[in-house]
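Subject: Structure handover

Hello,

Here is the structure I said I would pass on. My notes on what was found follow below it.

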Amino acid sequence: MSPANGSWKIMKVGIDIASKVVASLEGAGVFAFELFLTEDDQILLNEVAPRPHKSGHHTIESCYTSQYEQHLRAVVGLPFGDPSMKAPAGIMYNILGEDEICESKGRWDT
């Protein structure tokens, strides 16, 4: 779900972590971050992907400028587009698994 359900304080800490990591790396374009929030409000960095990422596929429909367009703009030196949401929130589901497995269980939630 985007934006995440969380306090602005927690979101600011996550943005600060991501900003520091990106500043230490070389490259251009989109950098996707996977962060975990613990029960005691600690933020753990799990993954940095120097490319558009599956967690941001919702941007294709939910944002004025998708992560793919932003990546292309960054790489070729164009100004960034408007990243704001078209609606208050966007949700994306990853459906994983073999059709046969899903069908044998009689559901599509695997």
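**Salt bridges in the helices**

Glu69 and Arg73 both sit in helix 3, 4 residues apart, which is about one turn of the helix. Please keep in mind that this is a predicted model. The side chains of Glu69 and Arg73 meet in a salt bridge, with 2.9 Å from N to O. Glu69 counts as partly exposed, at 34% relative accessibility, and Arg73 is also partly exposed, at 22%.

How many salt bridges does the structure hold? There are 2. Besides the Glu69 pair, Lys12 forms a salt bridge with Asp16, where the closest N and O atoms are 2.8 Å apart. Lys12 and Asp16 both lie in helix 1, which covers residues 8–23, and they too are 4 residues apart, about one turn of the helix. Lys12 is partly exposed, with a relative accessible area of 49%; for Asp16, partly exposed as well, the value is 29%.

Two general points bear on these pairs. Side chains of opposite charge can pair when their charged atoms come close. An α-helix has 3.6 residues a turn, so residues three or four places apart point the same way.

**The protein as a whole**

The secondary structure comes to 4 helices and 2 strands. Read from the N terminus, the order of the elements is α-β-β-α-α-α. The protein has 110 residues, and buried residues make up 22% of them. Its accessible surface comes to about 8200 Å², and 58% of that belongs to carbon and sulfur atoms. Among contacts between residues at least 6 apart in sequence, 32% join residues at least 24 apart.

**Helix 1**

Helix 1 has 16 residues. From its first C-alpha to its last it reaches 22 Å, close to the 22 Å expected at 1.5 Å a residue.

Which residues of helix 1 are buried? They are Ile10, Gly14, Ala18 and Val21. Seen down the axis of helix 1, these buried residues fall within an arc of 70°, so they line one face of the helix. The buried residues of helix 1 pack against strand 1 and strand 2. The face turned away from the buried side carries the exposed residues Trp8, Lys9, Ile15, Lys20 and Ala23.

**The loop between the strands**

Strand 1 (32–37) and strand 2 (43–49) are joined by a loop in which Asp41 is found. Asp41 has a positive phi of about 65°, although it is not a glycine. As for its surroundings, Asp41 is partly exposed, with a relative accessible area of 47%.

**A nonpolar patch on the surface**

Which residues form a nonpolar patch on the surface? The patch is made of Leu72, Val75, Val76 and Leu78, which together have about 380 Å² of accessible area. One of them, Leu72, lies in helix 3, which covers residues 67–76. Leu72 has a relative accessible area of 54% and is therefore exposed, the cut-off being over 50%. Helix 3 thus carries Leu72 and also the Glu69 and Arg73 pair described at the start.

If you want a place to begin, look at helix 1, with its buried face and its salt bridge between Lys12 and Asp16. After that, turn to Asp41 in the loop and to the patch that includes Leu72.

Regards

How values were computed: Residues are numbered from 1 along each chain as its sequence is written. This is a predicted model: local features need pLDDT of at least 70, side-chain atom pairs count only at pLDDT 80 or more; totals for chains, interfaces and linings use all residues. Side-chain values use heavy atoms; hydrogens and water are left out. Patches are made of residues with over 30% relative accessible area and no salt bridge: like charges are joined within 9 Å, nonpolar side chains (Val, Leu, Ile, Met, Phe, Trp, Tyr) within 5 Å. Accessible areas come from the Shrake-Rupley method with a 1.4 Å probe; for residues, only the protein chains shown count as cover. A salt bridge is a side-chain nitrogen of Lys or Arg within 4 Å of a carboxyl oxygen of Asp or Glu. Buried means under 20% relative accessible area, exposed over 50%, partly exposed in between (1.4 Å probe, protein chains only). The expected span of a helix is 1.5 Å times one less than its number of residues. The arc is that of the directions from the helix axis to the C-beta atoms. Contact means heavy atoms within 4.5 Å.
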